[in-house]
Amino acid sequence: MFFGLALLVPVYAIVQFMPWAAYFPAAFQALPALPPDVIRPDSLSVMPGASLLGAIRAVGFLVFLILVIEVGTMPERIHRLGLWLMLGILLHGLFGLVSLRLLDDYSFWGTKDVYQGMLTGTFVNRNSIATFLGFGLVLGVAYAMTRAHQATLAEPDRGYKTFLTAKRLEILGLWLVIVLLAVCILLTQSRMGLVATGLGAFVTFIVLRVTFKTSAKRILLEAGAAILFLLLGLIPYVGAGVVERAIFTLAQSSDRLSVYLQSWGMIQDRPLTGFGYDAFAPAFELYRADPLVADRYVDLAHNTYLTLWAEQGFIIGSIPMILIGWAVIMIIGRLRSNEGDVAMNAAALGVIALGASHSLFDFSLEMPANVYCFLLIIGLAIARPRISNGATDKAVEIPGGDTALPGRGRGAA
């Protein structure tokens, strides 16, 4: 049922592409404000070709998610894949850091026309890479906290003689990864990227602390220490740009608010059918009005929710949000029943919080690189491990210290 609901998105994009507009009641189309010479009169999409390509891309996302879930049926793979993904994201961040600081703001795409002096790395947009790096940071928090908890259970005596054990050096390495990614995010100067990543990391932190039955006092002390480290240890040294941009947020938000209001006007004209998957840019040009009359081309709503509703209407456009909510319920259920990899489950909830909040003010989850990364994390979290060892009830050890028994608790199919 989950995938059947998801499949409605590309199927409806094809419906928008096809010359079937005449079969829809006029009340569904609601096109009195649009001149007939600028749209294909027999199609619901104002750019049919883009809608067809969007449908193909959406099917690609769905197939990728199915493959991830199939891979995730092997418990030992889940933890390892998440770790490799975190390290891969770290390499992207380090490349961006080297490009900015040592290679005179080098970019793969040639001389930068925008975002000079800001870390963009292998991306074009600072907000998109901030979301990407944020995914890695959330994974790092999940792995560091889980390993630390396991080390505490295995070595309750925290004497100095056992401080530099292999496990604790690994934990220190994970926290170093988190700090490096935080530095990279600050250097993007993405305001919402920083806030959304902080929210995602906080959700992961709370989920794990509740799962590990940590006292409220300790949770408050650790959260306070993390905030102090960010405010006093990182932002004063590498976060001047993002602080300056945050100060002028209200003054710089007038155009963004106008885009939101005019996008909402589009949605009201076609609340059920939308203007076509991936067709926001040409549709918005038909509505653009004061004060957005400068030469600047507006091709994105800077709000993924508004984009989905403008392109596919309220019903189909709401399906991605419904699916994310469904995934949240499944992941919480797995945490409560002690199934799967706890680090990946907590990271998935943090990543969802990050993506959902950043999507309110930007388009990071409209970038395929971020979508694939997002789906990989969510898919590994919702995959139900399949453990087959014959008639015996032999425990299966999952990397990171967890164990699973067939049909019992963690890892039950």
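## Exercises on a predicted model

**Exercise 1.** Work out whether the end-to-end distance of H4 agrees with its 27 residues.

*Solution.* Start with the rise: at 1.5 Å a residue, the 27 residues of H4 should span 39 Å. The span uses one less than the number of residues. Now check the ends: the C-alpha atoms there are 40 Å apart, so the two values agree. Keep in mind that this is a predicted model.

**Exercise 2.** List the buried residues of H4.

*Solution.* Look for residues under 20% relative accessible area. In H4 that picks out Pro75, Ile78, His79, Gly82, Leu85, Met86, Ile89, Leu90, Gly93, Gly96, Ser99 and Leu100.

**Exercise 3.** Place Val124, decide if it is buried or exposed, and find the surface patch it joins.

*Solution.* First, the location: Val124 sits in the loop between helix H4 (75-101) and helix H5 (126-154). Next, its relative accessibility is 57%, so Val124 counts as exposed. Finally, Val124 belongs to a nonpolar surface patch with Val98, Leu102, Leu103, Tyr106, Phe108 and Trp109. Together they have about 750 Å² of accessible area.

**Exercise 4.** Do the same for Thr307: where is it, is it buried or exposed, and what does it touch?

*Solution.* Thr307 is part of helix H12 (residues 304-317). Its relative accessible area is 4%, so Thr307 is buried. Skip the neighbours within four places in sequence, and Thr307 is in contact with Ala301 and Glu366.

**Exercise 5.** Sketch the whole chain in numbers.

*Solution.* Count the elements: 15 helices and two strands. Then turn to burial: 48% of the 413 residues count as buried. Last comes the surface, where the chain exposes about 19,800 Å², 70% of it supplied by carbon and sulfur atoms.

Technical notes: Residues are numbered from 1 along each chain as its sequence is written. This is a predicted model: local features need pLDDT of at least 70, side-chain atom pairs count only at pLDDT 80 or more; totals for chains, interfaces and linings use all residues. Side-chain values use heavy atoms; hydrogens and water are left out. Patches are made of residues with over 30% relative accessible area and no salt bridge: like charges are joined within 9 Å, nonpolar side chains (Val, Leu, Ile, Met, Phe, Trp, Tyr) within 5 Å. Accessible areas come from the Shrake-Rupley method with a 1.4 Å probe; for residues, only the protein chains shown count as cover. A salt bridge is a side-chain nitrogen of Lys or Arg within 4 Å of a carboxyl oxygen of Asp or Glu. Helices (H or I, at least four residues) and strands (E, at least two) are DSSP runs, numbered from the N terminus. Buried means under 20% relative accessible area, exposed over 50%, partly exposed in between (1.4 Å probe, protein chains only). Contact means heavy atoms within 4.5 Å.
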